Amino acid sequence: MNNIFKKAILLLCVSFIYSSCETVDFGNTNDNPNGPTAAVTSQLLTEAQKVVSEIGTDISGTLFTQQITEGQYPAQSRYATLTYNYNDYFTGSVQNLNEIIKLNTDPATMTQAEAFGDNNNQIATAKILRAFVLQFMTDSWGALPWSEAFQGIDNPQPKFDTQEELYNTMFAEIEEALGLINSNTGPSGDIIFSGDMSRWRIFANSLKMTMALRISDVNPSLAKTKFEEVIASGNYIKSNAANIEYNYTSDDAGDSPWHDRFKTREDYILSDAMMESLRTNLDPRLFKYAEPSKTGTAANPLFPGNADAAYVGAPDGKVNGNVPDFSFPTATIIYDETYPTPIYTSAQIKLSMAEAALKGWNVGGSTAATLFSEGITDSMTYWGVDAADIATYLAAHTSSTINDIAYEKWIALYLNGQEAWSEWRRLDAPALTPSEFAGDPRIPVRLAYDSSVQDNNQANYSAIISIQGPDDLHTKLWWDKN
């Protein structure tokens, strides 16, 4: 009886405490007076834009295309451990961009959001960036959850969209964004263009042009239409003055990833493939892309005074233990924390237009040969090559076949790894010899899904693999099938 009585008293006390907590008003005790009461779109945009730097300095494609290789710790240059989780992009930048779009379209929040820029301009910026991130992801993995994604617990196992469907989605996204851009205030928190919507229009068209050429083998009619729409608009990069770059600050939170990579380690050196290509072609960019090694002896007597004698590339994938024997990327890139990263350049656009001209597409009246020459000139000028050296190189390189264009793109896209890798896969040129030190002597043409994808979404994973092909490094993507 005593135990029953004690339990009853205890239950009564707990009930009293619980009911008291339900009715007590603590006022604003738990509110942070210095914190925002709702999501701030300018802060979301700033955080989301950091992914542009991550993509622009992504190391995988740079290693796969043998522009550089690794020193004493080769892994990716041997094509090892190449399953990556794409969730960081979904839960990071893409979700931030989704939230910007939501806050600027919801009648309950769009007035508050407009304090950080015109609603439509904010939406357009977010959509352009979202398409940019999606292209990076799909050109790495292929099919992805997208149309059914971002629903949380309402749909924790979304279906995969094929890469063709994703490209259609991206084109639609870009067209909508271009239609929304207006002359009103651009977005606050824009660390790339400071709210200049004319620059965002050029960014969108640079992406659109790149995407169009990417699908030109599998959907030539759509590719031609989209490419020519950019040309007709006149809003694309026409000179180095209009290049799109990601700029850095000198503090640790905002400095260049390349600078960070060389703070305490010296892992990356010029690859034999890139170095010897530059040397063989008497390309003056050799002296702009690399630093002289400490002990190099290789020389081409055609360079005046054997000027290239100390520029030495390393065997791809080998344990290149004594890294001072080889050339590092140029000091401005690896030791200047504020050195900008090119995202889209005039050289890339001109070489793309040269290829389009070969296909018979409208490129504004120019010819493949002229655009080819202009692309090389813009690349060399961007890297600080003297005009006389540019003229000498151009005089010796007058052919503008598709293989010539592919080679010059590989050179011009130095350290822009994702684009270099994607264009190399699409064009199947220049010819690269896989690392002899790799377990599987084939250069990867995609990334494999992280094991968590199969574990957490088995049915949809199996369904897309049956369409796309085996989940390994050697299954070609949709636009790379031909």
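Here are some worked exercises on the predicted model shown above.

**Exercise 1. Take stock of the whole chain: how many helices and strands are there, and what share of the residues is buried?**

Solution.
- Step 1: Begin with the secondary structure, which comes to 20 helices and eight strands.
- Step 2: Turn to burial, where 53% of the 482 residues count as buried.
- Step 3: Look at the contacts with a separation of 6 or more; 74% of these come from residues 24 or more positions apart.

**Exercise 2. Describe helix H6: what is its span, and what is found at its two ends?**

Solution.
- Step 1: Helix H6 covers residues 119–141, 23 residues in total. From its first C-alpha to its last it reaches 33 Å, close to the 33 Å expected at 1.5 Å a residue.
- Step 2: At the N-terminal end, Asp118 acts as a cap, with a side-chain oxygen 3.0 Å from the backbone nitrogen of Asn120.
- Step 3: At the other end, H6 is followed by Gly142, which has a positive phi near 100 degrees.
- Step 4: As for its surroundings, H6 is mostly covered, with 22 of its 23 residues buried.

**Exercise 3. Work through helix H4: where does it bend, and what do its buried residues pack against?**

Solution.
- Step 1: H4 spans residues 87–105 and has 19 residues. Its end-to-end C-alpha reach is 25 Å, close to the 27 Å expected at 1.5 Å a residue.
- Step 2: The bend is at Val94 and amounts to about 40 degrees.
- Step 3: The buried residues of H4 include Tyr89, Phe90, Ser93, Val94, Leu97, Ile100, Ile101 and Asn104. When reading such a list, recall that an α-helix has 3.6 residues a turn, so residues three or four places apart point the same way.
- Step 4: The packing partners of these buried residues are helix H2 (41–56), helix H5 (110–113), H6 and strand E3 (144–145).

**Exercise 4. Find the empty space: which element gives the most to the lining of the largest pocket, and how many cavities of 30 Å³ or more are there?**

Solution.
- Step 1: Rolling a probe the size of a water molecule over the atoms shows where empty space is left.
- Step 2: The largest pocket has a volume of about 410 Å³. It is lined by 19 residues, and the closest to its centre are Tyr86, Asn87, Pro145, Pro156 and Pro158.
- Step 3: Two elements, H4 and helix H19 (451–456), give two or more residues to this lining. H4 gives the most, with four residues.
- Step 4: Now count the cavities; the structure holds four of 30 Å³ or more. The largest cavity has a volume of about 140 Å³. Among its 14 lining residues, Ile333, Pro340, Thr341, Pro342 and Leu415 lie nearest the centre.

**Exercise 5. Place two residues, Val52 and Thr330: is each of them buried or exposed?**

Solution.
- Step 1: Val52 lies in helix H2, while Thr330 sits in the loop between helix H12 (286–289) and helix H13 (331–334).
- Step 2: The cut-off for buried is under 20% relative accessible area. Val52 has 1%, so it is buried. Thr330 has 8%, so it is buried too.
- Step 3: Leaving out residues up to four places away in sequence, Val52 touches Leu129, Phe132, Ile192, Tyr246 and Ile343. With its own neighbours within four places set aside, Thr330 is in contact with Lys288, Tyr289, Ala290, Glu291 and Trp383.
- Step 4: For a distance check, the C-alpha atoms of Val52 and Ser93 are 9.5 Å apart, with their positions 41 residues apart along the chain.

**Exercise 6. Trace the polar contacts of Asp471: which residues does its side chain reach?**

Solution.
- Step 1: Asp471 is in the segment after helix H20 (458–468).
- Step 2: A polar atom of the Asp471 side chain lies 3.1 Å from the backbone nitrogen of Tyr449.
- Step 3: The side chain of Asp471 also makes a polar contact of 2.8 Å with the side chain of Tyr461.

**Exercise 7. Check the backbone: what is the phi of Gln66 and of Tyr79, and which residues does the cis peptide bond at Pro430 join?**

Solution.
- Step 1: Most residues other than glycine have a negative phi, and most peptide bonds are trans.
- Step 2: Gln66 has a positive phi near 60 degrees, and Tyr79 has a positive phi of about 65 degrees.
- Step 3: The cis bond joins Ala429 and Pro430, with omega about 0 degrees.

Key
Residues numbered from 1 in each chain as written. Predicted model: local features only at pLDDT ≥ 70, side-chain atom pairs only at ≥ 80, totals over all residues. Heavy atoms only, no water. Expected span 1.5 Å × (residues − 1). Buried < 20%, exposed > 50% of the residue type's maximum accessible area, 1.4 Å probe, protein only. Polar contact = N/O pair within 3.5 Å; in protein donor to acceptor, adjacent residues only side chain to side chain. Bend = angle between axes of the 7 residues up to and from the residue. Contact = heavy atoms within 4.5 Å. 1 Å grid on protein atoms, 1.4 Å probe; cavity = no way out; pocket = protein on both sides within 12 Å on 5 of 7 lines; lining within 4 Å. Points joined across faces, edges and corners; volume = space filled by probe spheres on them.
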